[in-house]
Every structure is written in C-alpha cells, then in structure tokens.
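Colleague: Could you take me on a close look at the strand part of this model, with the side-chain contacts there? I would be glad of the cut-offs along the way.

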Amino acid sequence: MPNKTIYVSEADLPLFELAQEIGGNLSSTIANALREFVQQHKPDEHGFRDVEVKVGKIAHVQKRFKGRLLVKGRLSERRAPLKEYEVYETAKGRVAVYTCQTYHGELGHLIQDCRLEVYESVEDLVGQVPEELYLAARQMLSGNPVEELDI
C-alpha cells in the first residue's frame with residue numbers, strides 16, 4: 001500500500017485527533033474529506049461546479065447549485081449602497097443572478113442583503129441587471145466569449 005506523509009501544524013493537531021476519535025481510521029477519514037472537497041470544487045466536463053452562496057438580509061442561509069460563472073460586476077453610485085453581481089449559467093440551462101447589496105444600518109453597522117434569482121434565459125436579464133452585465137453574460141453564452149477586434 002502506498003504511503004503519503006502529511007505535516008500537521010500544531011494548531012490543527014486537535015482537529016486531526018478529534019477526526020481520528022470520530023472516524024477511527026484517519027487515513028480513510030482524510031480520503032473521504034478530500035473526495036468531498038474535490039467533488040465540490042472541481043468543475044465537471046462542461047465547466048460546472050458546486051456554487052455556494054449566502055442568501056438573506058437579517059439571517060443568511062446557505063444555498064448550493066451547479067453552475068459556472070459567466071460574469072461578475074459591481075455597481076456603486078454616489079450615495080447609493082454598493083451592489084455586487086455574479087451571473088451564472090446553471091447546469092439545467094437557466095441563468096442565476098446572485099446579488100449582494102451592502103449598506104450602513106441605522107446604528108452604523110453594515111448590512112448585507114443577498115439574493116439569488118433564477119431566470120429561464122439570458123434574455124430575461126434585460127431590465128433586471130445593468131445592461132453591461134447582461135451584454136457580457138450574453139456574449140459568454142454565445143460560444144464566442146472573446147470579441148475579435150479588427151483594428
């Protein structure tokens with residue numbers, strides 16, 4: 001059986017000891033954790049991977065879906081809260097728009113209002129996101145993500 005040596009920092013040693021207590025065989029516990037990590041982070045043959053986002057304003061909940069990032073953008077206008085956008089193509093062919101708007105609450109603390117909205121097609125983004133984001137997402141989905149310039 002092949003051997004791999006891993007070095008564990010002193011800070012992580014209690015975690016490894018607890019994992020061995022719970023799982024018994026530390027080697028299989030580490031292999032299971034690595035399998036799960038790779039499954040969540042490695043894109044499939046079409047470029048889709050697990051995307052995890054937090055949604056909510058007061059209490060945030062985690063949501064997960066299979067998707068691939070098409071475009072990201074930020075919009076910050078004078079005296080308006082910063083709004084960040086991420087546009088994804090989902091594994092089922094839809095378009096998911098994740099937005100987070102950050103602003104100061106009444107007591108001066110930061111509030112983040114994060115939302116996930118799903119659309120049937122990129123054309124449904126018209127009027128829902130800034131035009132530049134819509135155009136960039138449409139270009140990414142066109143199969144020709146780089147605009148060739150004849151200059």
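Modeller: Happily; here is a walk through the strands and their side-chain contacts, with a short stop at a pocket.

A word on the ground rules comes before the contacts. This is a predicted model, in which local features need pLDDT of at least 70 and side-chain atom pairs count only at pLDDT 80 or more, while totals for chains, interfaces and linings use all residues. Residues are numbered from 1 along each chain as its sequence is written, and side-chain values use heavy atoms, with hydrogens and water left out. Strands (E, at least two residues) and helices (H or I, at least four) are DSSP runs, numbered from the N terminus.

Let me begin with the disulfide, meaning a pair of cysteine sulfur atoms within 2.5 Å. A search of the whole structure finds 1 disulfide. It joins C100 to C114, with 2.2 Å from S to S. C100 belongs to strand β4 (residues 95-104) and C114 to strand β5 (residues 110-119), so the link is between distant parts of the chain, 14 residues apart. The torsion about the S-S bond of C100 and C114 is about 110°, and therefore the disulfide is right-handed. For accessibility I use relative accessible area with a 1.4 Å probe and protein chains only: buried is under 20%, exposed is over 50%, and partly exposed is in between. C100 is buried at 7%, and C114 is buried at 2%. C114 also has a partner in space from elsewhere in the sequence: C114 and V61 are 53 residues apart in sequence, with 9.8 Å from C-alpha to C-alpha.

Next to C114 in the numbering there is a charged contact. A salt bridge here is a side-chain nitrogen of Lys or Arg within 4 Å of a carboxyl oxygen of Asp or Glu, and the count comes to 6 salt bridges. One of them brings together the side chains of D113 and R115, at 3.0 Å from N to O. D113 is buried, with a relative accessible area of 11%, whereas R115 is partly exposed at 44%.

Two further salt bridges run between strands. The side chains of K66 and D50 meet at 3.0 Å, N to O. Because K66 lies in strand β2 and D50 in strand β1 (residues 49-55), this pair ties together parts that are 16 residues apart in sequence. K66 counts as partly exposed at 36% relative accessibility, while D50 counts as buried at 16%. The other is between E84 and R74, whose side chains meet at 3.3 Å, N to O. E84 lies in strand β3 and R74 in strand β2, so this pair ties together parts that are 10 residues apart in sequence. E84 is partly exposed at 27%, and R74 is exposed at 61%.

Strands β2 and β3 also share an aromatic contact. A pair of aromatic rings is described by the distance of the centres and the angle of the planes. Rings of Phe, Tyr and Trp (its six-membered ring) pair if their centres lie within 6.5 Å; planes under 30 degrees apart are stacked, over 60 edge-to-face, and the rest tilted. By this rule there is 1 aromatic pair. F65 and Y88 form that pair, edge-to-face, with 5.5 Å centre to centre and 85° between the planes. F65 sits in strand β2 (residues 61-75) and Y88 in strand β3 (residues 82-90), 23 residues apart, and the pair links distant parts of the chain. F65 is buried at 15% relative accessible area, and Y88 is buried at 4%.

Beyond strand β3, G93 has its place in the loop between β3 and β4. G93 counts as partly exposed at 45% relative accessibility. G93 and S121 are 28 residues apart in sequence but 7.7 Å apart in space, C-alpha to C-alpha.

Last comes the pocket. A pocket is an open set of points on a 1 Å grid over the protein atoms alone, where a 1.4 Å probe fits, with protein on both sides within 12 Å along at least five of seven lines; lining residues have an atom within 4 Å of a point. The largest pocket has a volume of about 320 Å³, the volume being the space filled by probe spheres set on the points, which are joined across faces, edges and corners. Helix α2 (residues 26-41) gives the most to its lining, with 6 residues.
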